[in-house]
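Biologist: Could you take me through one part of this model slowly, starting with a place where two helices meet and then moving on to the hollows? I'm new to this, so plain words please.

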Amino acid sequence: MNAPNVALRAVRTGMRMSQDDFARALQAAGHRVGEPNDANKRLVQRWESGAIAAPRPVYVRALEVVTGLPIDLLGFASVPGGHVADDHQGGHDLTSPMSSLATPTPAHRPAALHGSYAGVWLSRYQYYSSGRGESFAGQHFVVVLQHGDRLTARSLPGSAASSLSLDLTVDGSVVTGTWVEQTDPGGYYRGARYHGAIQLLAEPTGRRMAGKWVGFGKDMDVNTGPWELIFQDASTSKATLDRYNIPPDRVDPPQTQSHP
């Protein structure tokens with residue numbers, strides 16, 4: 001009998017999703033990436049109980065898109081060589097699409113050296129608070145996963161009181177997409193959810209993306225401001241994520257290019 005998958009359950013509950021919510025999110029992610037799936041509450045229950053030791057290939061990418069974490073960190077059974085074990089119900093062993101990215105690599109190497117932006121990045125944006133009459137900066141460490149030209153970024157929960165997600169598409173040096181932030185329930189915005197669009201330009205080094213965000217304010221006015229992502233580490237191993245799961249001002253990041 002397999003042990004319960006406590007890691008997956010912890011991730012799901014940390015996202016404040018019921019098993020039904022999680023299944024619906026997996027279905028939506030499958031449609032977005034062109035790989036429809038039949039996720040439902042019963043399947044999520046079987047994963048979490050350990051009745052199914054690992055997801056079938058069609059669910060791996062959806063799980064990574066929804067959680068923002070590599071499949072290796074979601075508590076599923078694995079076998080030597082970076083493979084995720086199948087549930088032995090008619091499937092086959094699956095090489096995780098993120099397995100090669102999960103191996104730690106030197107942080108000083110450019111993130112896009114091999115055409116990949118996967119890894120840990122520092123997200124930093126500026127916004128003006130009309131209620132307080134001054135500008136502020138929001139900072140998060142985010143985990144970026146890449147599937148083809150699609151990037152998903154999810155903030156590490158310990159890096160900020162709010163949670164941030166980005167869904168982006170890469171076209172050459174142009175990175176375009178959407179952002180969602182769930183603000184701190186105990187903060188000034190009392191847990192309000194904000195969302196909008198973002199467009200960035202990736203520098204040739206692959207170490208920085210910079211551009212602008214746009215979104216609606218609480219009075220339904222359209223706001224905008226600068227946003228940048230600064231590469232920190234190409235690894236998405238648990239040890240690396242643990243290292244960056246603290247506020248950015250408590251980490252000594254690698255040397256980056258100076259800001260314009």
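Modeller: Sure, and keep in mind that this is a predicted model. Start with helix α1, residues 6–14, and helix α3, residues 41–49: their axes come within 7 Å and cross at roughly 130°. So α1 counts as oblique to α3, because an angle over 145 would be needed for roughly antiparallel, and 65 to 115 is the range for roughly perpendicular.

Which residues meet there? On the α1 side you'll find Leu8, Arg9 and Arg12, and on the α3 side Val44, Trp47 and Glu48. Sort the residues of this contact by class and you get three nonpolar, three charged and no polar.

Now stay with α1, since this helix also helps to line the largest pocket. That pocket has a volume of about 1,300 Å³. Its lining takes in 38 residues, and the closest to the centre are Gly14, Met15, Thr67, Arg154 and Ser163. Besides α1, the elements that give two or more residues to this lining are α2 (19–32), α4, β6, β7 (163–171), β8 (174–182) and α5 (238–243). By class, the lining has 20 nonpolar, 10 polar and eight charged residues.

Two of those names come back when you look at the cavity. The structure holds one cavity of 30 Å³ or more, and about 30 Å³ of space lies in the largest cavity. Who lines it? Look for Arg32, Val33, Arg61, Val65, His147, Arg150, Thr152 and Asp167. The elements giving two or more residues to that lining are α4, residues 57–67, and β6, residues 150–155. Here the classes come out as four charged, two polar and two nonpolar residues.

Last stop: the second largest pocket, with a volume of about 700 Å³. It has 30 lining residues, and nearest its centre lie Tyr125, Tyr127, Thr183, Tyr189 and Tyr194. Which elements give two or more residues to this lining? They are β4 (119–129), β5 (134–147), β8, β10 (208–216) and β11 (222–233). You've met β8 already, as it's on the list for the largest pocket too. The residues around the second largest pocket split into 13 nonpolar, 12 polar and five charged.

If you want a route to follow on screen, begin at the contact of α1 with α3, go along α1 to the largest pocket, use α4 and β6 to find the cavity, and finish with β8 at the second largest pocket.

Notes: Residues are numbered from 1 along each chain as its sequence is written. This is a predicted model: local features need pLDDT of at least 70, side-chain atom pairs count only at pLDDT 80 or more; totals for chains, interfaces and linings use all residues. Side-chain values use heavy atoms; hydrogens and water are left out. Axes are lines fitted to C-alpha atoms, for helices over the stretch in contact, and angles run from 0 to 180 degrees between N-to-C directions. Helices (H or I, at least four residues) and strands (E, at least two) are DSSP runs, numbered from the N terminus. Angles under 35 degrees count as roughly parallel, over 145 as roughly antiparallel, 65 to 115 as roughly perpendicular and the rest as oblique. Contact means heavy atoms within 4.5 Å. Ala, Val, Leu, Ile, Met, Phe, Trp, Tyr, Cys and Pro count as nonpolar, Asp, Glu, Lys and Arg as charged, and the others, Gly among them, as polar. On a 1 Å grid over the protein atoms alone, a cavity is a set of points where a 1.4 Å probe fits but cannot get out, and a pocket is an open set with protein on both sides within 12 Å along at least five of seven lines; lining residues have an atom within 4 Å of a point. Grid points are joined across faces, edges and corners, and a volume is the space filled by probe spheres set on the points.
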